[in-house]
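Work through the exercises below with the structure in view. Try each task before reading its solution.

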Amino acid sequence: MRPYYLIEEERLRRNLSLIRRVADESGAEIILAFKAFALWKTFPIFREYISSTTASSLSEARLALEEFGAPAHTYSPAYTEDEFPELLRCSSHITFNSLSQYARFMPMVDATSDHPVSCGLRINPEYSEIATELYNPCAPGSRFGVLASQLPDELPRGIEGFHCHCHCESSAEALAHTLEHIEARFGRWLPQLRWLNLGGGHLMTRRDYDVDLLIRLLRDLQRKYPNLRLILEPGSAFAWQTGPLVSHVVDIVENHGIRTAVLDVSFTCHMPDCLEMPYQPDVRDAESLPLEARGENVYRLGGNSCLSGDYMGCWRFQRPLEVGDEVIFEDMIHYTTVKTTVFNGITHPDLRILHLDGTEEVLRRFGYEDYKSRMD
């Protein structure tokens with residue numbers, strides 16, 4: 001009995017089909033952001049629908065080239081001299097976060113790249129509808145991107161694109177508002193460019209997302225600026241609602257009337273966004289209740305780390321929980337699988353895939369050596 005993440009191929013392909021439809025009908029290129037999903041053993045499936053990915057580090061750029069089979073669209077808040085030549089080898093596009101990074105590293109693009117690399121600047125439109133400041137790249141004082149007031153009339157030599165990222169699980173309506181601010185602040189430079197990367201956070205696979213509006217917005221922008229190749233790099237949209245984290249009850253404890261089902265997974269290790277965001281995930285066959293709730297079959301869910309705050313809930317289950325029962329957290333593939341830790345050396349959940357024919361395959365099983373090797 002081990003905990004495991006289970007990605008369901010049927011749901012994944014459904015998302016990929018919708019994303020490819022948006023790309024085909026809008027003319028935009030939609031690429032996978034590894035920061036949200038990097039389960040590379042599924043890349044053969046992705047390659048049936050998309051051709052590129054986006055990286056935020058050298059490791060992600062290498063994964064793009066070596067496992068996805070295509071150089072990455074790379075952006076990082078800060079490049080370093082020791083990694084930049086290798087980043088160039090693994091990248092088709094490089095975006096600089098600041099003019100000082102551009103001045104420092106553009107000469108290396110000219111001198112060391114053995115293949116064409118298109119360079120861009122990240123821009124900050126000073127507008128975002130993200131409510132949680134932890135995830136808002138346009139908050140006052142943000143370290144992300146160049147302001148319009150900082151740009152010269154003529155773009156720096158070699159800059160062919162702009163990259164703007166200011167969404168997080170956002171709607172098509174939010175993109176419409178963002179485009180208004182981009183054009184208002186940066187419109188005079190758009191005719192000088194070859195591409196515009198509108199970043200991630202476009203949650204087009206969410207059930208209530210207005211896909212038709214997204215397509216119209218992208219078409220209209222393309223007609224207005226025919227010189228631009230439009231790029232979107234969502235992460236969550238690819239793996240949204242593609243599978244759960246399956247855990248098990250290992251103990252039930254009670255303190256001042258609060259019953260806690262202790263699980264063989266950890267929120268801080270295996271579901272960190274639940275504590276960082278914070279948000280309360282859906283639990284299969286259970287009703288989410290306020291934290292102060294009490295009553296029959298009501299449990300707080302606790303992780304198995306030594307962090308006092310490693311708990312979530314409460315939930316009302318359909319029957320009393322017992323040791324060995326499964327507790328299934330829905331929609332735990334995007335972001336969660338790439339943000340996990342081995343804090344406390346806790347056993348990491350397996351990675352599994354449910355194939356179209358109903359067979360289940362273990363893609364990765366973690367053990368002691370995975371924990372130990374991080375300290376080598």
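**Exercise 1.** Find how helix 1 and helix 7 cross.

Solution. Take helix 1 (residues 9-26) and helix 7 (residues 211-224). Their axes come within 9 Å and cross at roughly 35°. Axes are lines fitted to C-alpha atoms over the stretch in contact, with angles from 0 to 180 degrees between N-to-C directions. Helices are DSSP runs (H or I, at least four residues), and strands are E runs of at least two, numbered from the N terminus. This model is predicted: local features need pLDDT of at least 70, side-chain atom pairs need 80 or more, and totals for chains, interfaces and linings use all residues. Residues are numbered from 1 along each chain as its sequence is written, and side-chain values use heavy atoms, without hydrogens and water.

**Exercise 2.** Describe how helix 6 and helix 7 run together.

Solution. Start with helix 6 (residues 172-186). Its axis and that of helix 7 come within 9 Å and cross at roughly 20°. Helix 6 is therefore roughly parallel to helix 7 (angles under 35 degrees count as such). Now list the contacts (heavy atoms within 4.5 Å). Ala-172, Leu-175 and Leu-179 are among the helix 6 residues that meet helix 7. Helix 7 offers residues including Leu-214 and Leu-221.

**Exercise 3.** Identify the strands that each supply at least two residues of the largest cavity's lining.

Solution. They are strand 5 (72-75), strand 6 (91-96) and strand 9 (195-197). Strand 5 gives the largest share, 3 residues.

Notes: Angles under 35 degrees count as roughly parallel, over 145 as roughly antiparallel, 65 to 115 as roughly perpendicular and the rest as oblique.
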